[in-house]
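Please look over the chain shown here. The report takes up its cysteines, charged pairs, rings, surface and loops in turn.

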Amino acid sequence: MPVASTLAFLRVPRHRGLALGLLCITLLGMSVRLYGLTAIGIGGNDTILYYSLAERWLQGEFDFRIANSGQVFRPVLLAFNAASLWLFGQSAYAIKLGNVLLDGCSMLLLARLAWLISKQAMVVLSCTLAYAFLPISVWASRQELPHAASTFLLLLTFLLFVQALLNENK
């Protein structure tokens, strides 16, 4: 499902106000998430561990041990973190930047989901605005934890499910 077809409803002239509002909300939400992202101590997560594990993924080491535990394999999170390091360079904020950008995509998925369900511009804008400034979503997008990826994948799942239900009823 390409982004162009997902957001095709925004090309309709009567939806230009919706498109402008959605663009403004998304940009404001992203700016809140990006503000001070390179600062040290932005969150209370284990930055060194996730960064180190992502580096190991880039070197082909896909499992790890924590203390005396057995082998641990976290393919989705660590593959995403490794891809962030690969795309944005091996900087202290590369994984956080990947999460912020993925969370921006979550805002657009939510907007599309709200449109499919309601077909009302105010519902789309309200849902997107609520998510853009929801404190937990802002916090989670600025961490190296799996919350941004989980939210994105859940929204994508809901969107595909609703889309399938709507197509079945045609």
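## Disulfides

The structure holds zero disulfides. The model is predicted. A disulfide is a covalent bond between the sulfur atoms of two cysteines. Among the residues to look at here are Cys-24 and Cys-105. Cys-24 has a relative accessible area of 39%, so it is partly exposed. Cys-105 falls in that class too: its relative accessible area is 37%, so it counts as partly exposed.

## Salt bridges

Side chains of opposite charge can pair when their charged atoms come close. How many salt bridges are there? The count comes to two.

One joins the side chains of Arg-33 and Asp-103, with an N to O distance of 2.6 Å. This pair links distant parts of the chain. Arg-33 sits in helix 2, residues 16-34. Asp-103 sits in helix 5. The two are 70 residues apart. Are Arg-33 and Asp-103 buried or exposed? Both are buried.

Another salt bridge pairs Arg-56 with Glu-61. Here the closest N and O atoms are 3.0 Å apart. Arg-56 has a relative accessible area of 30% and is therefore partly exposed. Glu-61 is at 36%, so it is partly exposed as well. The contrast with the other bridge is plain: Arg-33 and Asp-103 are buried, whereas Arg-56 is partly exposed and so is Glu-61.

## Aromatic pair

A search of the whole structure finds one aromatic pair. It is formed by Trp-57 and Phe-62, whose ring centres are 4.6 Å apart. Their planes meet at 70°, so the pair is edge-to-face. The cut-off for that class is over 60 degrees.

The two partners differ in cover. Trp-57 has 14% relative accessibility, so it counts as buried. Phe-62 has a relative accessible area of 39%, so it is partly exposed.

## Nonpolar surface patch

Which residues form the nonpolar patch on the surface? They are Leu-58, Trp-86, Leu-87, Phe-88 and Leu-101. Together they have about 520 Å² of accessible area.

Helix 4, residues 75-88, gives the most to this patch, with three residues. Leu-101 belongs to helix 5, which covers residues 94-118. Its relative accessibility is 35%, so Leu-101 counts as partly exposed. Helix 5 thus appears twice in this report: it holds Leu-101 of the patch and Asp-103 of a salt bridge.

## Loops on either side of helix 5

Ser-91 lies in the loop between helix 4 and helix 5. Is Ser-91 buried or exposed? Its relative accessibility is 18%, so it counts as buried; the limit for that class is under 20%. Leaving aside residues up to four places away in sequence, Ser-91 touches Tyr-51 and Leu-85.

Lys-119 lies in the loop between helix 5 and helix 6, the latter spanning 121-132. Its phi is near 60°. That is a positive value in a residue other than glycine. Most residues other than glycine have a negative phi. Lys-119 has a relative accessible area of 48%, so it is partly exposed. The cut-off for exposed is over 50%.

Notes
Residues numbered from 1 in each chain as written. Predicted model: local features only at pLDDT ≥ 70, side-chain atom pairs only at ≥ 80, totals over all residues. Heavy atoms only, no water. Patch = residues over 30% accessible without salt bridge, like charges linked within 9 Å, V, L, I, M, F, W, Y side chains within 5 Å. Areas by Shrake-Rupley, 256 points an atom, 1.4 Å probe, with all protein chains shown as cover. Salt bridge = Lys/Arg side-chain N within 4 Å of Asp/Glu carboxyl O. Helix = DSSP H or I, 4+ residues; strand = E, 2+ residues; numbered from the N terminus. Buried < 20%, exposed > 50% of the residue type's maximum accessible area, 1.4 Å probe, protein only. Contact = heavy atoms within 4.5 Å. Phe/Tyr/Trp six-rings, centres within 6.5 Å; stacked < 30°, edge-to-face > 60°. Disulfide = S-S within 2.5 Å.
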